[in-house]
Amino acid sequence: MEETASVGRGVVWKLDRLEPKRCVVDEDKKKEHKSWDRHHRRTKCQRKGQQYVEMLVCGFSIFIVFDLFDSCRMETSRMGQWLSVLICVLMLLKAEGVPVGITFVENAVAKGAVCLDGSPPAYHFHKGSGAGINNWIVHFEGGGWCNNVTSCLSRRDTRLGSSKKMDTQLSFSGFFSNGKKFNPDFYDWNRIKVRYCDGSSFTGDVEAVDPATNLHFRGARIFSAVVEDLLAKGMKNAQNAIISGCSAGGLAAILNCDRFKTLLPGTTKVKCLADAGYFINVKDVSGAQRIEEFYSQVVQTHSSAKNLPASCTSRLRPGLCFFPQNVVSQISTPIFFVNAAYDSWQIKNILAPGAADPHGQWRECKLDIKNCSPNQLGVMQAFRTDFLSAFGAVGKSPSKGHFIDGCYAHCQTGTQETWLRNDSPVLGNTTIAKAVGDWFYDRRPFNQIDCAYPCNPTCHNRVFDQD
């Protein structure tokens, strides 16, 4: 139940198709000049002896200024194309992420805080600097769940079940970028990505280990061990701290929001950020309540009930407490939600899973929303209505914020193209980066819900490869 499409594929596409676009001359920033003769592949752009050429390179606007005394005309040459590619590569190195090595929490093994296969948990730590040295982001990775021994065995020997199989480096960009231009509010913070290898959104805790499978269900112990390790590495002095997560990790951030606050010093300003973690309890296109049954099986397999919010389990069956709509009203720690109303993972796996679509009628639609028939779009609009109804449980507390766009997307904080770039998704002329920063620093509240698809032209809608 893990998405395999690369969000960054859009960057590769732009590398293959560098597109010069309209030339805008600075000063009053309103005078516009013609550029790019598509038939003759040349630029014609002049103003007082200077030629301005703006090129959209990897999603970033690059201005090349030529000093001329007369009208000028620049023929696009092979050298110019290679220069564009070089600029693109440099921009990618700067904006699309810095590689960060892995840290294994070896001392967690003695505490039983281990991955499905018994290997130690792991995280990637990029140290803060300057004014951000005592500020911390602890982000939990996503990757679906396993709901029984069979599905957990299928994960055990992969990166989602074993730290032995994890990449030793991860790229940090977007919310985790160390570049002020690309992450102005959090670039100098300590930024940690916690790897996901337990299959329960860090909630499981089963003491017994069946020797026949060697499966360890210890997600909650991993959560505690990682936080304890980070406290020893300086988080005990934190002035500001955010627990965040994407997808299954976003759910972990919701379920562990208040718990995280109790583990930090009382003087620390703690807030939570859930990206694509608001999974809703709806029927699929066949009318079955599959996700409710699935979550109940996850909770039972991992013995998660004791680690779910007691404010929910005291009222409802434990499996229902995996749904944020049954938990969020009782969260006391400030929390911000970033989510697509047409969450691509939920559309693919909750609304129209393969089991509910035996003839593959939803296949092309799930790969690309532009392929959806009018009837399918109608079903997706109904899903949006259900999502917004379930999201209503968040309430109107001033400590809570949200950025709910009308995009076909999933996880938008961890990639530069959706976090903060000149073409990033916006609501009310505000990027996700600006909305989250304003909310965290109490500059202004942000609670916006987008109009229905396809009204937002700034969306980066996901397009998936054929399975």
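# Questions on the packing of a predicted fold

User: What covers the buried residues of H13?

Analyst: In this predicted model, helix H13 spans residues 432–440, and 8 of its 9 residues are buried, so the rest of the structure largely encloses it. The cover over those buried residues includes one helix, H12 (416–419), along with several strands. The strands among the covering elements are S13, S14 (269–275), S15 (335–340), S16 (400–405) and S18 (430–431).

User: Which residues in H13 are buried?

Analyst: Helix H13 is largely enclosed, because 8 of its 9 residues are buried. Asp-442 follows the helix, with a positive phi near 60 degrees. The buried residues of H13 are Ile-432, Ala-433, Ala-435, Val-436, Gly-437, Asp-438, Trp-439 and Phe-440.

User: Which residue lies over the face of Phe-440?

Analyst: Phe-440 is one of the buried residues of H13. Phe-440 also belongs to an aromatic cluster with Phe-172, Phe-175, Phe-176, Phe-186, Trp-189, Trp-419 and Tyr-441. At 4.7 Å from the ring centre of Phe-440, over its face, lies Lys-269.

User: How far from the centre of the ring of Phe-464 is the charged end of Lys-348?

Analyst: Here too a lysine and an aromatic ring are involved: Lys-348 and Phe-464. The charged end of Lys-348 sits over the ring, and its distance from the ring centre is 3.8 Å.

User: Is Lys-236 buried or exposed?

Analyst: Lys-236 lies in the loop between helix H4 (219–232) and strand S13 (240–246). Leaving aside neighbours within four places in sequence, Lys-236 is in contact with Leu-231 and Pro-265. Its relative accessible area is 52%, and the cut-off is over 50%, so Lys-236 is exposed.

User: How far apart in space are Lys-236 and Thr-268, C-alpha to C-alpha?

Analyst: In sequence, 32 residues separate Lys-236 and Thr-268. In space, their C-alpha atoms are apart by 8.9 Å.

User: In which sense do S9 and S12 pair?

Analyst: Strand S9 (residues 122–126) is mostly covered, with 4 of its 5 residues buried. Strand S12 covers residues 190–194, and 4 bridges join S9 to S12. One of the partnerships sets His-126 against Arg-191. The sense of the pairing is antiparallel.

User: Which residue stands opposite His-124 in S9?

Analyst: Strand S8 (residues 98–104) runs antiparallel to S9, and 3 bridges join them. Opposite His-124 stands Ile-102.

User: How many disulfides does the structure hold?

Analyst: A disulfide is a covalent bond between the sulfur atoms of two cysteines. One of them joins Cys-146 to Cys-152, with the sulfur atoms 2.1 Å apart. Another joins Cys-365 to Cys-372, S to S 1.9 Å, and both of these cysteines are buried. The number of disulfides in the structure is 8.

User: What is the handedness of the disulfide of Cys-146 and Cys-152?

Analyst: Cys-146 is buried, with a relative accessible area of 0%. Cys-152 counts as buried at 0% too. The torsion about their S-S bond is about 90 degrees, so the disulfide is right-handed.

User: How many residues apart in sequence are the parts tied together by Cys-246 and Cys-411?

Analyst: A disulfide joins Cys-246 to Cys-411, S to S 1.9 Å. Cys-246 lies in strand S13 and Cys-411 in the loop between S16 and H12, so the pair ties together parts whose separation in sequence is 165 residues.

User: Which residues touch the most other members of the largest nonpolar core?

Analyst: The largest nonpolar core has 83 residues. Helix H4 gives the largest share of this core, 7 residues. The residues that touch the most other members are Trp-145, Met-235, Phe-260 and Met-380.

User: Why is the pair of Trp-145 and Phe-294 edge-to-face?

Analyst: Trp-145 sits in the loop between strand S10 (135–140) and helix H3 (149–156), while Phe-294 is in helix H7 (residues 290–302), 149 residues apart. Both residues are buried. Their ring centres are 6.5 Å apart, and the pair is edge-to-face because the angle between the planes is 70 degrees.

User: What is the centre to centre distance of Phe-175 and Phe-176?

Analyst: Phe-175 is buried, with a relative accessible area of 0%. Phe-176 is buried as well, at 1%. Their aromatic pair is tilted, with 55 degrees between the planes and a centre to centre distance of 5.3 Å.

Note on methods: Residues are numbered from 1 along each chain as its sequence is written. This is a predicted model: local features need pLDDT of at least 70, side-chain atom pairs count only at pLDDT 80 or more; totals for chains, interfaces and linings use all residues. Side-chain values use heavy atoms; hydrogens and water are left out. Helices (H or I, at least four residues) and strands (E, at least two) are DSSP runs, numbered from the N terminus. Buried means under 20% relative accessible area, exposed over 50%, partly exposed in between (1.4 Å probe, protein chains only). Contact means heavy atoms within 4.5 Å. Two strands pair if DSSP finds at least two bridges between them. A disulfide is a pair of cysteine sulfur atoms within 2.5 Å. A nonpolar core is a set of buried Ala, Val, Leu, Ile, Met, Phe, Trp, Tyr and Cys residues joined through side-chain atoms within 4.5 Å. Rings of Phe, Tyr and Trp (its six-membered ring) pair if their centres lie within 6.5 Å; planes under 30 degrees apart count as stacked, over 60 as edge-to-face and the rest as tilted. A charge sits over a ring if NZ of Lys or CZ of Arg is within 6 Å of the ring centre and within 35 degrees of the ring normal.
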